[in-house]
Amino acid sequence: MGALPLVLILLQLAPPAAAQNVQLRCDGTLLEARGSAEQKRTIDVLKVSLALSAEAPTADAALGELQQRLAAVRQALQRLQVKELAVSSPSSWQRPVSPNRPAALEANLQVNGELQPSQLQGLIRQVGSLPGVRLAPVSTEADPAADLAVRGQLLRGAYQDALGQARAIAEVIGLRALSPLEVQIEGGMRPRLLRTAMADEAAPFDPAELAAPTDRLGLLVRFCAS
């Protein structure tokens, strides 16, 4: 009973019509249990994103200033050995006059890339302090080469969790034998963490304090108990 069931129905992958044609037969008592498992993983890279903006009385001046600021951001990121650098095309809009600010043309764009965790402090202090930069939360990513192995571990753990619950229920109602009928696999998620700027005399940002990427997986398992 410790092995995964032979009939593994992936409802999120199978067409609805095919799923409806599956006939489940149980000559005993049908039991349903939810199992879950999670595994924290080592941070491989940081996915970073920032918004860059500039403003001026005219569109030409605002876009020119944005281009200069982008050059500074690009140089700072390259010094931090950024990978997968991607820059969006700029957008602009006319800001109307207000009691506190004159009318102006604002130009914006997005910058994304990947950095090593050791570059977190440099990202915040060297890039985040540049004019027009607004840092977004970083997301921690694990090494994708281990995804398949981790997926298998999560499947086994979640199934054993569901199996244990079903065994407990079967024992309560005086049944012993369990046969798996159906397994529905649910998705998972990984957390993100927001970092903000600090004063010069404050302690540096520590990448070890970032939330580790965590893979989660849930199963809904139906057993036939007899």
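The exercises below, each with a worked solution, concern a predicted model.

Residues are numbered from 1 along each chain as its sequence is written, and side-chain values use heavy atoms, with hydrogens and water left out. Because the model is predicted, local features require pLDDT of at least 70 and side-chain atom pairs pLDDT 80 or more, whereas totals for chains, interfaces and linings use all residues.

**Exercise 1. Overall architecture**

Determine how many helices and strands the chain has, and in which order the elements run.

Solution. Step one is to assign the elements as DSSP runs, numbered from the N terminus: helices are H or I with at least four residues, strands are E with at least two. The chain then has 4 helices and 10 strands. Step two is to read them from the N terminus, which gives α-β-β-α-β-β-β-α-β-β-α-β-β-β. Step three concerns burial, where buried means under 20% relative accessible area, exposed over 50%, and partly exposed in between (1.4 Å probe, protein chains only). Of the 226 residues, 34% count as buried. Step four concerns contacts, defined as heavy atoms within 4.5 Å. Among contacts with a separation of 6 or more, 82% are between residues 24 or more positions apart.

**Exercise 2. The packing of α2 and α3**

Describe the geometry with which helix α2 and helix α3 cross, and state which residues make the contact.

Solution. Two packed helices are described by the angle between their axes and the distance between the axes. Axes are lines fitted to C-alpha atoms, for helices over the stretch in contact, and angles run from 0 to 180 degrees between N-to-C directions. The axes of α2 (residues 59-79) and α3 (residues 120-127) come within 10 Å and cross at roughly 160°. The two helices are therefore roughly antiparallel, given that angles under 35 degrees count as roughly parallel, over 145 as roughly antiparallel, 65 to 115 as roughly perpendicular and the rest as oblique. Their crossing is right-handed, that is, the near helix is turned clockwise from the far one by less than a right angle. Val 73, Ala 76 and Leu 77 of α2 meet Leu 123, Gln 126 and Val 127 of α3. By class, this contact has 5 nonpolar residues, 1 polar residue and no charged residues. Here Ala, Val, Leu, Ile, Met, Phe, Trp, Tyr, Cys and Pro count as nonpolar, Asp, Glu, Lys and Arg as charged, and the others, Gly among them, as polar.

The buried residues of α3 are Leu 120, Gly 122, Leu 123, Ile 124 and Val 127. They pack against β2 (45-56), α2, β5, β6 (133-135) and β7 (138-141).

**Exercise 3. The disulfide**

Identify which cysteines form the disulfide and where they lie.

Solution. A disulfide is a pair of cysteine sulfur atoms within 2.5 Å, and the structure holds 1. Cys 26 and Cys 224 form it, with their sulfur atoms 2.0 Å apart. The link is right-handed, with 85° about the S-S bond. It joins distant parts of the chain, 198 residues apart: Cys 26 is in the loop between α1 (16-20) and β1 (29-40), and Cys 224 in strand β10 (residues 214-225). Cys 26 is partly exposed at 25% relative accessible area, whereas Cys 224 is buried at 10%.

**Exercise 4. Two local environments**

State whether Ala 104 is buried or exposed, and which residues Ser 88 contacts.

Solution. Ala 104 lies in strand β5 (residues 104-115) and is buried, with a relative accessible area of 4%. Residues up to four places away in sequence aside, Ala 104 touches Glu 55, Ala 56, Trp 93, Gln 94 and Arg 95. Ser 88 is in the loop between β3 (83-87) and β4 (91-95) and is partly exposed at 31%. Beyond its neighbours within four places in sequence, Ser 88 contacts Leu 109 and Gln 110.
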